[in-house]
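Let's take a walk through this protein together. Keep the sequence and the 3D view side by side as you read.

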Amino acid sequence: MDSAVADYFARAGHPVVRTASLGMTTNYGIASVTADQLIALARQVDAPEIDTIVIPGGNLQAMALLPAIEAELRKPIVITNQACMWAVAGMLGVSLGPGFGRLATADPDWAIRRALRA
């Protein structure tokens, strides 16, 4: 996560405790990130005071890794594509169910209220 993304979250009322970046600047670069790199990145930013880890990157191939990373770090992980799917599911009033991360199983009514406020 770069400083522009961290600033966005801070302005939205979500202070960013730590950031790390793989230095990718293009969608092609993000698509080449390996599972090991992604897991290492999540571990790098994890700390006891962090309650959620956000890993932006629309072309990041991370959906299949969510359950394993969340189980290891014991906290929600949010990635771009999952967040978009979660917001749409909330607008439709349905839950994505297991396999899409902890937040995807949250109350759809909460998700739609949150999405409409953003």
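## Starting from one helix

The exposed residues Asp36 and Gln44 sit on the face of α3 that is turned away from the buried side of this helix. That is a handy place to begin, with one caution: you are looking at a predicted model.

Now turn the helix over. The buried residues in α3 are Leu38, Ile39, Leu41, Ala42 and Val45. Viewed down the axis of α3, these buried residues fall within an arc of 155°, so they line one face of the helix. A general point about helices helps here: an α-helix has 3.6 residues a turn, so residues three or four places apart point the same way. What do the buried residues of α3 pack against? Their partners are β1 and α4.

Let's step back for the overall layout. The protein chain has six helices and two strands, and from the N terminus on the order of its elements is α-α-α-β-α-β-α-α. Of its 118 residues, 32% count as buried. Among contacts between residues at least 6 apart in sequence, 49% join residues at least 24 apart. The accessible surface of the chain is about 7,100 Å², and carbon and sulfur atoms account for 58% of it.

Next, the interior. In soluble globular proteins, nonpolar side chains tend to be buried together. Here the largest nonpolar core has 20 residues, and the ones that touch the most other members are Leu38, Ile53, Ile55, Leu60, Ile69 and Ile77. Two or more residues of this core come from each of α3, β1, α4 and β2. Which element gives the largest share? It is α3, with five residues.

Ile53 is a good residue to click on. Apart from its neighbours within four places in sequence, Ile53 is in contact with Ala42, Val45, Asp46, Leu73, Lys75, Pro76, Ile77 and Val78. One of these partners, Val78, lies in strand β2. Val78 is buried, and its relative accessible area is 16%, which means that Val78 falls under the 20% limit for a buried residue. Not counting residues up to four places away in sequence, Val78 touches Thr52, Ile53, Val54, Ile55, Ala83 and Leu103. You can also check the spacing between Val78 and Leu66: these residues are twelve apart along the chain, and their C-alpha atoms are separated by 8.3 Å.

Two of the contacts of Ile53, Asp46 and Lys75, lead us to the charged pairs. How many salt bridges does the model have? The count comes to two. In one of them, the side chains of Lys75 and Asp46 meet at 2.5 Å, N to O. This pair links distant parts of the chain, 29 residues apart: Lys75 is in the loop between α4 and β2, and Asp46 is in the loop between α3 and β1. Is Lys75 buried or exposed? Lys75 is buried, with a relative accessible area of 8%.

The other salt bridge joins the side chains of Glu72 and Arg43 at 2.6 Å, N to O. This pair also links distant parts of the chain, with Glu72 in helix α4 (residues 66–73) and Arg43 in helix α3 (residues 35–45), 29 residues apart. Glu72 is partly exposed at 42% relative accessible area, and Arg43 is partly exposed as well, at 46%.

Stay with the loop between α4 and β2 for a moment, where Arg74 is found. Arg74 has a positive phi of about 60° although it is not a glycine. With 69% relative accessibility, Arg74 counts as exposed.

Two further stops complete the tour. Leu22 lies in the loop between α1 (3–11) and α2 (27–31) and is partly exposed, with a relative accessible area of 35%. Leaving aside neighbours within four places in sequence, Leu22 is in contact with Val33, Gln37 and Leu41; Leu41 is one of the buried residues of α3 you have already met. The C-alpha atoms of Leu22 and Val33, eleven residues apart along the chain, are separated by 8.5 Å.

Finally, look at the outside again. Val88, Leu92 and Val94 make a nonpolar surface patch of about 280 Å². Of these residues, Val94 lies in the loop between α5 (80–92) and α6 (108–117), and at 42% relative accessibility Val94 counts as partly exposed.

Terms used
Residues are numbered from 1 along each chain as its sequence is written. This is a predicted model: local features need pLDDT of at least 70, side-chain atom pairs count only at pLDDT 80 or more; totals for chains, interfaces and linings use all residues. Side-chain values use heavy atoms; hydrogens and water are left out. A salt bridge is a side-chain nitrogen of Lys or Arg within 4 Å of a carboxyl oxygen of Asp or Glu. Helices (H or I, at least four residues) and strands (E, at least two) are DSSP runs, numbered from the N terminus. Buried means under 20% relative accessible area, exposed over 50%, partly exposed in between (1.4 Å probe, protein chains only). A nonpolar core is a set of buried Ala, Val, Leu, Ile, Met, Phe, Trp, Tyr and Cys residues joined through side-chain atoms within 4.5 Å. Contact means heavy atoms within 4.5 Å. Patches are made of residues with over 30% relative accessible area and no salt bridge: like charges are joined within 9 Å, nonpolar side chains (Val, Leu, Ile, Met, Phe, Trp, Tyr) within 5 Å. Accessible areas come from the Shrake-Rupley method with a 1.4 Å probe; for residues, only the protein chains shown count as cover. The arc is that of the directions from the helix axis to the C-beta atoms.
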